[in-house]
Amino acid sequence: MSIDRAPFAHRSHRRRFLLGCAGLAGAALVASRAAFAAGEDLRIQRLAWAGLRLQLPGADLFVDPLINPEEWGKALADPLIPVEAGGDAYVLVTHAHGDHFDAKAVAQALRNDGVLAHPAGTNPLPIPAGARTRPSTPWEPQLLGDFTATAVPASDGYGDPQASWVISAGGRRIFHGGDTLWHGHWWRIGRQFGPFDAAFLPVNGARFGWRKPVSGQPGVLTPEQAVAAATILGAKRLVPIHYGVSGIAEYIEVEDPIGRLRAAARDKPVEIRVLAPGQWLDWG
């Protein structure tokens, strides 16, 4: 018995046609979002200590915001910059230490709800009422409105869970290093996500005396290591963060971190941009 395959062929062609239309619609949606984001220049403000504000029209994303004056007391000279958001709000933290996860700053930023993203394996508490949390696995991008944030490996001076963040928005890509020390993941991060418009990296090379026996080794990137990391990442600009603490016997920064940073970058293809807390990055 012969079978008339014309109806089957017709349905098959129609199915392929509809799938093609769906694919084109999805591609158009992605393209329109990308075009919108690329047309809106990203603004970045340095906050106190290691904090950043990334701003698009109607949305703010904060990384490691700090407003608690009790965290460092008089040892930190930085002015504490308010972190109130004017629209949609998101907060990323690199790890749960009090100078990077400040519950007061998170509550202020997310007072009208929002998202707190943190490295998987950390448990930052307390969480503001109404806020949503996102434990973040390394290398997995996540959409936060018109921001895309990806946790990548970092190394903590105490061995606690920590991540750095790769953030894309407004046609820009930036790297935030928290208070990481030197590690072997720079090359993979650079290959997968670089080049970067700016890398915000710790530079104080701090040596800790609280845990015994004392190692005497830097638990945070030194200025020279920060320049090396920025070079491997393909960063056009290196903005130093996480420096300026003095007067604590158990926490010793390198002397003149900014001077050493500039000296290390003299023969490297990376520009040093020093921002005081409260200043905005000039992309020019």
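The following questions and answers deal with helix packing, a pocket and some backbone features in a predicted model.

User: Why are H4 and H5 called oblique to each other?

Analyst: Helix H4 (residues 223–233) and helix H5 (residues 257–264) pack at an angle of about 45°. Angles under 35 degrees count as roughly parallel, and 65 to 115 as roughly perpendicular. The angle of about 45° falls in neither range, and H4 and H5 are therefore oblique. Their axes are 8 Å apart, and the crossing of H4 past H5 is right-handed.

User: Which residues make the contact of H4 with H5?

Analyst: On H4 they are Pro223, Glu224, Ala226 and Val227. On H5 they are Pro257, Arg260, Leu261 and Ala264.

User: What makes two residues of the contact of H4 with H5 charged?

Analyst: Asp, Glu, Lys and Arg count as charged, and the contact includes Glu224 of H4 and Arg260 of H5. The count by class is six nonpolar, no polar and two charged residues.

User: At what angle do helix H3 and H4 pack?

Analyst: Helix H3 (residues 186–193) and H4 pack at about 35°, and their axes are 8 Å apart. In this contact Trp186, Trp187, Ile189 and Gly190 of H3 meet Ala229, Ile232 and Leu233 of H4.

User: How do you know that one residue of the contact of H3 with H4 is polar?

Analyst: Gly counts as polar, and Gly190 is part of the H3 side. The contact divides into six nonpolar, one polar and no charged residues.

User: Which residues are the closest to the centre of the second largest pocket?

Analyst: This pocket has a volume of about 240 Å³. Of its 13 lining residues, Trp72, His97, Asp99, Trp210 and Tyr251 are the closest to its centre. By class, the lining has five nonpolar, four polar and four charged residues. Asp counts as charged and Trp as nonpolar, and both types occur among the residues closest to the centre, as Asp99 and Trp72 show.

User: Where are the cis peptide bonds to proline 126 and proline 213?

Analyst: Leucine 125 and proline 126 are joined by a cis bond with omega of about 0°. Proline 126 sits in the loop between strand E5 (114–119) and strand E6 (131–136). From lysine 212 to proline 213 the bond is also cis, with omega near -5°. Proline 213 belongs to the loop between strand E12 (207–208) and H4.

User: What is the phi of tryptophan 49?

Analyst: Phi is near 60°, a positive value in a residue other than glycine. Tryptophan 49 is in the loop between strand E1 (43–46) and strand E2 (52–56).

Note on methods:
Residues are numbered from 1 along each chain as its sequence is written. This is a predicted model: local features need pLDDT of at least 70, side-chain atom pairs count only at pLDDT 80 or more; totals for chains, interfaces and linings use all residues. Side-chain values use heavy atoms; hydrogens and water are left out. Axes are lines fitted to C-alpha atoms, for helices over the stretch in contact, and angles run from 0 to 180 degrees between N-to-C directions. Helices (H or I, at least four residues) and strands (E, at least two) are DSSP runs, numbered from the N terminus. Angles under 35 degrees count as roughly parallel, over 145 as roughly antiparallel, 65 to 115 as roughly perpendicular and the rest as oblique. A crossing is left-handed if the near helix is turned anticlockwise from the far one by less than a right angle, and right-handed if clockwise. Contact means heavy atoms within 4.5 Å. On a 1 Å grid over the protein atoms alone, a cavity is a set of points where a 1.4 Å probe fits but cannot get out, and a pocket is an open set with protein on both sides within 12 Å along at least five of seven lines; lining residues have an atom within 4 Å of a point. Grid points are joined across faces, edges and corners, and a volume is the space filled by probe spheres set on the points.
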